[in-house]
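I opened this notebook to record, entry by entry, what I looked up in the model and in its annotation record.

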Amino acid sequence: MHPARVYRSSGIHDPVLRRGYEECRRATRARGEIEYAVSLLLPPPLRIATWALYGAGVTVDCLADTAQPSDTKDAGRAERLEAWISAFDADLRDGRSTDPVRKALIHTMLTWNLPPGFMHTQFEQLRLDAHGRRFATWEEWRRYNGLVTTPFLLRAASLMMRVAGLSAEPESIASGVPEAAVAWQTAADAILLTDALVDLSEDLADGHVPLPQEALDEAGVRRADLLDRRSTPAFEELVRRLADRARGWLDRTPVPPVLHPAVGIALGAYTDLYRLRLRAAADAPAALLLRRPAVPGGARLRVLLPARTRVALAWTLFPLPVRPCPPPEPAGPPAGPARAEATEARPLTTERRPVVPPAPHPSGARPPRLPAGAVPRHVAIVMDGNGRWATARGLPRPEGHRAGADALVDVVHGALEIGLKYLTVYAFSTENWKRPADELQALMQEVPRQLRRITDDAKPLDVRVRWAGLRSRLPADVIETLVDAEQGTRDRTGLTLTVCLNYGGRAEITAAAAHLAQEAVAGRIDPASVSEHAFARHLHVPELPDVDLLLRTGGDQRTSNFLPWQATYAELLFLDTPWPEVDRRDLWDAIEQYARRTRRYGSVPRIPAQARPAHGA
Ligand code: IPE
Ligand code: IPE
Ligand code: MG
């Protein structure tokens, strides 16, 4: 399939994003001949994810490995790497990037909900790499691989299990299913040892000997001979022995039977290609010092051609059970070929209705200009203080809710103006049923009325509405309005407005736990494989990202059962202003305050000294 079709069928229409995936694809093809061949056996969404993960890995690795002529020493590599990592962190927080490769990687991470920390183990080791790497013992070699490459492999394993409809996080493969972890680890060691042999000439060119000193000493091979590209009988014997060892490891790693049959076939092809690679290395050991050994084309095709046929049949018989959930693409300019392609690629969606831009604030206020990455991705608001606001004015409490709804509409316009992607608002909690009947009635009337204001067909904003909450006790017309709003705004890509109505955080978590328990009892999941990620898939709105900023108005400083799962690392901000008096300027102020905070996620900040904000700023 031509790459353009692969992107189309994966829903990738943004030209910069495509360019990023293309760069990753080319890097994969250039450096991972086998990985590339196997990626072509996977369905498009998984194929491009493989390119992004592998290709971005190659890109970062090249930053660390490739000494440019201007470099006097390793400092240049380290600096380039550090700049890339800082930019990646900032982009990931922002959920977008202007660098195509990072953009593709972040898109894949968001689509498959990969945890941000997972790239970091790799970065950490690459930092060490940037200063040159040497292994004294096999133990050290293994530890290095465990840090750098095994996380990638386990991640790939976890993606493949998810393709089979199973939930298995790398961490849970490692801790919950020890045999599976050992199998993947052994496969990883086999692959890494093979690659150490076939990449020997390139590593030597960079001054690295990728094998442990211990192995050289035992075999009587001198490091200096290798760096001078001098082959000896001892070296040739060492290569043959290592190739045997890697082959033995490969033979010990059966493809786990739980995988989707097509993925099983792809993995089988992968190990077969590695066996060919090993044979090519062992057949001409001396040549490894000069160039990468080529796998004979005929043998390659004898593995790949039947695999292609069997994989195609398997995907036809058992279609991909998991639908990846890509993050929304930025709304691009409506004209031009990219747009035409996008329409063609989404035959199921009705034509996207035009949207109106957000109306400016009556005061003429404009959103603050913040550096890219400073705007949070997800703001959640406890819209509190309606009742007290009304009472203070001698009005009945329901009047406060009416005024509060106007505030929400203004804040939504402001969220669009500042480019926020996710706004989640607490409209009615499972505890609010304790209120007097007249107040409940007013609230239930107000909600549908206000929702229609936002999704009104005559003046549609670029807002996608989601509802998080329980159906029980809600009047039918409220449920209908919420469901209609969700349906009617499905094609919107600007802002996702999640309305938490009849929502309770504990109820949400309890429902997810109950659902998982049912799945386990039915034998569809292995309880040992339940991870945070697998758990989150059972929340009301599984794709809701973590909350960056949680704001509460009305003067109280508590979260009142709001988003306990999603807001564990949110920055908290409490305003005294009652919600009916809030407008978009308060949202912008809050975002500016957020932008000045340092988020550490349990780590230590890696901010270059010159870019560090002044203390207390
Ligand atoms: C928040 O305002 C809206 C809802 C809970 C529905 P309140 O109604 O809680 O207002 P106060 O806190 O009583 O002032
Ligand atoms: C939280 O406000 C719920 C909403 C804003 C919808 P409450 O007013 O119900 O919170 P508590 O009871 O004062 O904590
Ligand atoms: Mg309240």
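**Entry 1: a pair within one helix**

I began with R247, which at 25% relative accessibility counts as partly exposed. I then looked up its salt-bridge partner and found D244, the two side chains meeting at 2.9 Å from N to O. D244 also counts as partly exposed, since its relative accessibility is 48%. Because R247 and D244 are 3 residues apart in helix α15 (residues 233–251), I note that about one helical turn separates them. I should say here that the model I am reading is a predicted one.

**Entry 2: the chain as a whole**

Before going on I looked up the totals. I find 25 helices and 6 strands in the protein chain, and buried residues account for 52% of its 617 residues. I looked up the contacts between residues at least 6 apart in sequence, and 75% of these join residues at least 24 apart. For the surface I noted an exposed area of about 28400 Å² on the protein chain, with carbon and sulfur atoms supplying 55% of it. My search for salt bridges in the structure returned 34.

**Entry 3: salt bridges between separate elements**

I next took up R402 and E446, which form a salt bridge whose closest N and O atoms are 3.3 Å apart. This pair links distant parts of the chain, with R402 in helix α20 (residues 397–418) and E446 in helix α21 (residues 437–455), 44 residues apart. Is each partner buried or partly exposed? I find that R402 counts as partly exposed because its relative accessibility is 29%, whereas E446, at 5%, counts as buried.

I then turned to E486 and R466, also joined by a salt bridge, for which the closest N and O atoms are 3.4 Å apart. Since E486 lies in helix α22 (residues 476–488) and R466 in strand β3 (residues 463–468), this pair ties together parts that are 20 residues apart in sequence. I recorded R466 as buried, because its relative accessibility is 16%.

**Entry 4: the annotated positions**

Which residues does the "binding site" annotation cover? The unreviewed UniProt entry gives D384 and E571 under that annotation, and I looked up each of them in turn.

I located D384 in the loop between β1 (378–382) and α19 (386–392). With a relative accessibility of 17%, D384 counts as buried, because the cut-off for that class is under 20%. Not counting residues up to four places away in sequence, I find D384 touching R552, T553, G554, D556, P578 and W579. With one of these, R552, the side chain of D384 makes a polar contact of 2.8 Å. When I followed the charged side chains further, I found D384, R388, R552, D556 and R558 linked in a network of salt bridges.

I located E571 in strand β6, which covers residues 571–574. E571 is buried as well, because its relative accessible area is 15%. Leaving aside neighbours within four places in sequence, I list D548, L549, L550, Y594, R597 and R599 as the residues in contact with E571.

**Entry 5: what I carry forward**

I close with the two annotated positions side by side: D384 sits in a loop and E571 in a strand, and I have D384 as buried at 17% relative accessibility and E571 as buried at 15%.

Key
Residues are numbered from 1 along each chain as its sequence is written. Chains are lettered from A and ligands numbered from 1 in the order in which they are written. This is a predicted model: local features need pLDDT of at least 70, side-chain atom pairs count only at pLDDT 80 or more; totals for chains, interfaces and linings use all residues. Side-chain values use heavy atoms; hydrogens and water are left out. UniProt positions are given in the numbering used here, feature names are shortened, and annotations may be inferred rather than shown by experiment. Helices (H or I, at least four residues) and strands (E, at least two) are DSSP runs, numbered from the N terminus. Buried means under 20% relative accessible area, exposed over 50%, partly exposed in between (1.4 Å probe, protein chains only). Contact means heavy atoms within 4.5 Å. A polar contact is a pair of N or O atoms within 3.5 Å; within protein, one must be able to donate a hydrogen and the other to accept it, and residues adjacent in sequence count only if both atoms are side-chain atoms. Accessible areas come from the Shrake-Rupley method with a 1.4 Å probe; for residues, only the protein chains shown count as cover. A salt bridge is a side-chain nitrogen of Lys or Arg within 4 Å of a carboxyl oxygen of Asp or Glu.
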